[in-house]
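Trainee: I am new to this structure. Please take one part and walk me through it closely, then show me how the rest fits around it.

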Amino acid sequence: MTNPPPPGGWQDPASSGQQFGDPTLVVGGQPVPAQPTNPYPATDPYASTMPPAQAGPYGYPPVGYPGYGYPPAPKQNGLAIAAMVVAIIGALGLCGYGLGGYIGAVGAILGHVSRKQIRERGEGGEGFATAGIIVGWIATALAVLATIAIVIFFVWLANQDPSSYDSGTY
């Protein structure tokens with residue numbers, strides 16, 4: 001008993017009696033296309049691209065070779081850090097009846113001066129300067145409001161009738 005022929009007209013070369021055919025012919029008699037040639041020369045992927053005098057052991061770059069890692073961070077502006085510290089001290093000074101908040105104005109002014117220096121010199125610390133400005137002006141505004149509230153309280157207290165107080169007799 002024989003199997004029916006496969007669909008598509010394909011025939012097994014072993015069943016036709018031909019053991020080994022022409023290797024340049026594909027089944028069906030079509031010639032095999034030639035392999036394209038590479039116009040570029042083969043390179044060694046492990047070879048160093050640096051001159052031998054600069055290469056380290058085994059073709060790796062020497063330790064400390066420039067060009068690797070992150071670029072150095074810009075120098076921090078010291079005035080920007082001082083602005084933030086003084087502004088925070090001013091905000092903490094609000095606890096003393098609110099009058100310590102006036103120190104925040106110094107921090108805000110230092111922040112404005114440091115932002116100008118940062119733009120001119122290309123230094124880092126923009127965030128410190130901005131924090132000093134914001135915290136400093138908020139502390140100053142709260143100190144002004146506290147001062148107004150204290151003045152209003154003492155004016156109100158001074159206008160009170162002293163006879164309305166208890167004389168101390170029971």
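Mentor: Let us start with helix H3, residues 126-158. Keep in mind that this is a predicted model. H3 has 33 residues. At 1.5 Å a residue, H3 should span 48 Å. The end C-alpha atoms of H3 are 48 Å apart, which agrees with that expected span.

Now look at what H3 hides. Ala129, Gly132, Ile133 and Gly136 are among its buried residues. So are Ala139, Thr140, Ala143 and Ala146. What do the buried residues of H3 pack against? They pack against H1 and H2. Here is a rule to hold beside that list. An α-helix has 3.6 residues a turn, so residues three or four places apart point the same way.

Next, move towards the end of H3. Phe153 and Trp156 both lie in this helix, 3 residues apart. That is about one turn of the helix. A search of the whole structure finds 2 aromatic pairs. In the pair Phe153 and Trp156, the ring centres are 6.1 Å apart and the planes meet at 35 degrees, so the pair is tilted. The angle matters here because planes under 30 degrees apart count as stacked and those over 60 as edge-to-face. Phe154 joins Phe153 and Trp156 in one aromatic cluster. Is Phe153 buried, partly exposed or exposed? Phe153 has a relative accessible area of 43%, so the label is partly exposed.

Go back to Ala129 and step across to a neighbour. Ala129 is one of the residues that Ser114 touches. Ser114 belongs to helix H2, residues 103-121. Its relative accessibility is 0%, so Ser114 counts as buried. Leaving aside residues up to four places away in sequence, Ser114 also touches Asn77, Leu79 and Ala80.

Follow Asn77 next. Asn77 sits in the segment before helix H1, which covers 78-92. Asn77 has a relative accessible area of 2%; buried means under 20%, so Asn77 is buried. The Asn77 side chain reaches the backbone nitrogen of Leu79 at 2.8 Å. With residues up to four places away in sequence left out, Asn77 touches Ser114, Gln117, Ile118, Glu123 and Gly124.

Glu123 and Gly124 lead to another residue. Lys75 touches both of them, again not counting residues up to four places away in sequence. Lys75 is also placed in the segment before H1. Is Lys75 buried or exposed? At 60% relative accessibility, Lys75 counts as exposed. Asn77, by contrast, is buried. Now compare positions along the chain. Lys75 and Arg121 are 46 residues apart in sequence. Their C-alpha atoms are separated by 9.6 Å.

Finally, step back to the whole chain. How many helices and strands are there? The chain has 3 helices and 0 strands. Along the sequence the pattern reads α-α-α. The chain has 170 residues, and buried residues make up 16% of them. Take the contacts with a separation of 6 or more: residues 24 or more positions apart account for 60% of these. The accessible surface comes to about 13600 Å². Carbon and sulfur atoms hold 67% of that surface.

Technical notes. Residues numbered from 1 in each chain as written. Predicted model: local features only at pLDDT ≥ 70, side-chain atom pairs only at ≥ 80, totals over all residues. Heavy atoms only, no water. Helix = DSSP H or I, 4+ residues; strand = E, 2+ residues; numbered from the N terminus. Buried < 20%, exposed > 50% of the residue type's maximum accessible area, 1.4 Å probe, protein only. Contact = heavy atoms within 4.5 Å. Polar contact = N/O pair within 3.5 Å; in protein donor to acceptor, adjacent residues only side chain to side chain. Expected span 1.5 Å × (residues − 1). Areas by Shrake-Rupley, 256 points an atom, 1.4 Å probe, with all protein chains shown as cover. Phe/Tyr/Trp six-rings, centres within 6.5 Å; stacked < 30°, edge-to-face > 60°.
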